[in-house]
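Dear colleague,

I am handing over the structure below, and my notes on what was found in it follow directly after. Please read them alongside the sequence and the model.

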Amino acid sequence: MDDKQSFQFFLDFYADLPRQGPGNDQFTQHILGLLIDLPPHPKALDMGCGSGKQSLILAQCGCRVTAVDLHQTILDGLVRRIKREKLEDFIVPVHASMDMYESKEPVDLIWSEGAIYIIGFENGLTLWKKHLKTDGYLVVSEMTWLTSNPPNPVHEFWASEYPAMTTIDKNQLLIEKSGYRWLGSILLPDHAWDDYYAPQKEKITRLRKTEMLSLSEDRILKEIEDEIQIFEENRGMFGYVFYLMQNCA
Ligand code: SAM
């Protein structure tokens, strides 16, 4: 199996799961409700939207959403959801890379759960500023260290998976340096991780039972299991933090 097939297996693994990153519908809605100065029907961009869990919530709360994702396999899930929920007038899926996306007009809100790390936290903050109106809101969730002294295996795992991961204080400095007004940070609750990993565990068990997996496919499943294990054995050491900010100018 070549690298392209392995990557497709990886994408297919996540494509039909309810969400592609740790999160929670009520939590997304709660945070959206904290953005008190939004106009009645805000124009919003959902960067790295995946199969669209957050786009749907934004639209159901009155936003007009442009939902951007690089992978058509995953975006197809959003297209199906838009049809099912009859939200064609409220969500426009766009197949594009979030660092190359060109907006037609500035928006009131950029939302991005579990995706800014792909283009780099600071790089994303800098690149996305041009899409926002003055005082427009940016909400991103980002994997963050919650301890300054993690045990070695945890440190080594993240040093290999995401070496740029840092603390809330350091991310606040990056946010302010990039020209945003810091509004605060909120930690995604643990149960959202359990809800995210449960369908993955079920899918891994099912695939192992029903499919003839190649070595590289089995290796991909093992890597997913390693991540789940690191999380379950080290709760509270790292987590997804939502960062809330406004474009200063
Ligand atoms: N926000 C979704 C959620 O929470 O369910 C998806 C999060 S998932 C961890 C990251 C998403 O970013 C995937 O859907 C992936 O296809 C997408 N992605 C990866 N690279 C991208 C890029 N350069 N531009 C846009 N989307 C990208």
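A backbone N or O atom of Q20 lies 2.9 Å from an oxygen atom of the ligand, which fits the definition of a polar contact as a pair of N or O atoms within 3.5 Å. On the nitrogen side of the ligand, a backbone N or O atom of G48 is 2.9 Å from a nitrogen atom, while for L70 the distance from such a backbone atom to a ligand nitrogen is 3.2 Å. Of the 600 Å² of accessible area that the ligand has on its own, the protein covers 91% (areas by the Shrake-Rupley method with a 1.4 Å probe).

This is a predicted model, in which local features need pLDDT of at least 70 and side-chain atom pairs count only at pLDDT 80 or more, whereas totals for chains, interfaces and linings use all residues. Residues are numbered from 1 along each chain as its sequence is written, and side-chain values use heavy atoms, with hydrogens and water left out.

The ligand is surrounded by 17 residues, the closest being G48, Q54, D69, M98 and E113 (near means that a heavy atom of the residue lies within 4 Å). This shell divides into 6 nonpolar, 8 polar and 3 charged residues, with Gly counted among the polar ones.

As for the protein as a whole, it contains 9 helices and 7 strands (DSSP runs of at least four and at least two residues, respectively). Along its principal axes, the C-alpha trace spans about 50 × 45 × 30 Å.

Best regards

Notes. Polar contact = N/O pair within 3.5 Å; in protein donor to acceptor, adjacent residues only side chain to side chain.
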